[in-house]
Amino acid sequence: MIYLDNAATSFPKPPEVAEAITDLLTHRAGNPGRSGHSLALAAEAVVAETRRLLAALLGIQDPARLAFTLNATDALNLAMWGLLRAGDRVVTTSMEHNAVARPLFALAERGVDVVRLPSASDGTLDLDDLERELRAAPTRLVVMTHASNVCGTILPIRAAAELAHRHGALILVDAAQTAGVLPIDVQEQSIDLLAIAGHKGLLGPTGTGGLYVAPGVRLTPMRQGGTGARSEQLSQPEEMPDALESGTVNTVGIAGLGAALRVLQATGIGAVRARESALTARLLAGLREIGGVTVYGPVEPSQRVAVVSVTLRGWEPVDVQAALDSAFGIAVRAGLHCAPLAHRTLGTFPLGTVRLAPGYSTTDDQIDQTLAALRELTLSAS
Ligand SMILES: Cc1ncc(COP(=O)(O)O)c(C=O)c1O
């Protein structure tokens with residue numbers, strides 16, 4: 001199987017991930033932060049170490065500002081529902097995943113004013129448009145993806161954060177597609193709220209994610225419950241991460257994520273980025289040679305992560321996915337990729353695209369085999 005669906009979830013995971021999960025379940029499976037016995041303390045140490053590694057990777061000075069979540073969607077919901085109230089104004093883009101678009105749609109029904117900036121047809125955003133909207137009315141929050149999950153376009157997070165702050169707004173960055181594959185530093189990039197998935201570029205298991213909340217930003221928790229601390233009080237603790245981490249965390253997943261982070265640390269984000277850019281450049285160059293293929297997103301590999309969307313003349317995306325899977329053993333995703341607004345922006349709504357998303361361990365030969373398969377499909381349609 002050639003796996004080109006890393007934008008959905010990364011595969012294969014480093015072997016260390018399964019080893020760490022087995023080790024946790026075999027030797028350290030107490031409840032972290034609850035009981036004081038050695039098994040609970042061992043589990044707590046695993047959770048604390050993963051939090052520390054994640055904080056180090058993302059430029060977070062105080063690891064306590066990072067709460068573990070179920071996935072990126074959970075983190076985005078905690079941030080938006082925790083911050084926004086009726087009458088607040090939010091500026092967002094037309095490239096967002098439903099993990100942003102649906103909570104904002106629901107919040108708009110409860111009186112939040114949501115302004116959606118139209119992105120260009122390659123997914124890029126004009127910062128003048130953002131500035132114009134921020135000038136137009138007081139804004140509580142700018143929400144934007146760091147990179148599109150449909151066509152890979154990287155958005156200018158740092159510049160957007162500066163604009164947001166200049167106009168008194170906070171910024172929430174959806175880093176589902178970038179954590180682990182692009183350098184992120186919440187201090188240097190002035191990010192107030194950062195949502196990440198643990199199971200994509202960070203190479204961890206599903207059921208893991210995180211939300212960074214900058215010092216001074218207070219979210220109303222969506223859930224209340226046991227945190228293992230301040231048990232005498234009925235009100236939810238205000239300190240991070242307890243404020244957002246009610247109930248037993250996913251110790252098993254967090255152990256796996258910790259192992260993945262150690263692998264990433266040893267590899268280096270720079271090496272991951274260089275490898276994925278080279279694979280993307282090879283893919284884009286090969287696609288350009290095939291008649292009947294339309295490629296979406298920026299032409300320059302440096303302006304995108306390793307997420308490439310295409311359509312094939314004479315083929316519906318879902319049929320290309322099925323043919324690649326059954327005849328060539330190539331796993332890709334077809335359709336709207338949970339981002340209908342992005343497809344309206346690219347002009348690929350409602351059928352969507354075929355998404356090719358290589359990962360760090362994809363080989364040049366696998367890219368070439370995929371190109372050959374796509375060439376064969378285009379020829380069979382003509
Ligand atoms: C840009 C973007 N945001 C959010 C999500 C949601 O991530 P998760 O499945 O971890 O909730 C995804 C997942 O595909 C994504 O690509």
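Helices and strands are taken here as DSSP runs, numbered from the N terminus. In these terms, the predicted model is described below by its ligand site, its salt bridges and its backbone geometry.

Two cis peptide bonds are considered at the outset. One joins Phe11 and Pro12, with an omega of about -5°. Pro12 belongs to the loop that runs between β1 (2-3) and α1 (15-27). A cis peptide bond also joins Phe349 and Pro350, and here omega is about 10°. The loop that holds Pro350 lies between α10 (340-346) and β13 (353-356).

The ligand occupies the second largest pocket of the model. Around the ligand are 14 residues, of which Thr73, Asp174, Gln177, His199 and Lys200 come nearest. Sorted by class, this shell comprises five nonpolar, seven polar and two charged residues. Asp174 and Lys200, both among the nearest residues, belong to the charged class.

Oxygen atoms of the ligand take part in polar contacts with both backbone and side-chain atoms of the protein. A polar atom in the side chain of Thr73 is placed 2.5 Å from a ligand oxygen. In the side chain of His199, an N or O atom lies 2.8 Å from an oxygen atom of the ligand. The backbone contributes through Ala72, where an N or O atom is found 3.0 Å from a ligand oxygen. Taken alone, the ligand would expose 400 Å², and the protein buries 90% of that area. Thr73 and His199 thus appear in two descriptions of the site, as residues that come nearest to the ligand and as sources of side-chain polar contacts with ligand oxygen atoms.

Salt bridges in the model number 17. One of these pairs Arg51 with Glu245, with 2.8 Å between the closest N and O atoms. This pair connects distant parts of the chain, the two residues being 194 residues apart. Arg51 is carried by helix α2 (residues 38-58), whereas Glu245 is located in the loop between β8 (209-213) and α7 (251-267).

The loop between β8 and α7 also contains Arg230. The backbone of Arg230 has a phi near 50°, a positive value in a residue other than glycine. This loop therefore holds, by the definition of helices and strands used here, both Arg230 and the salt-bridge partner of Arg51, Glu245.

Notes
Residues are numbered from 1 along each chain as its sequence is written. This is a predicted model: local features need pLDDT of at least 70, side-chain atom pairs count only at pLDDT 80 or more; totals for chains, interfaces and linings use all residues. Side-chain values use heavy atoms; hydrogens and water are left out. A residue is near a molecule or strand if one of its heavy atoms lies within 4 Å of it. A polar contact is a pair of N or O atoms within 3.5 Å; within protein, one must be able to donate a hydrogen and the other to accept it, and residues adjacent in sequence count only if both atoms are side-chain atoms. Accessible areas come from the Shrake-Rupley method with a 1.4 Å probe; for residues, only the protein chains shown count as cover. On a 1 Å grid over the protein atoms alone, a cavity is a set of points where a 1.4 Å probe fits but cannot get out, and a pocket is an open set with protein on both sides within 12 Å along at least five of seven lines; lining residues have an atom within 4 Å of a point. A molecule sits in a cavity or pocket if more than half of its atoms lie within 2 Å of its grid points. A salt bridge is a side-chain nitrogen of Lys or Arg within 4 Å of a carboxyl oxygen of Asp or Glu. Helices (H or I, at least four residues) and strands (E, at least two) are DSSP runs, numbered from the N terminus.
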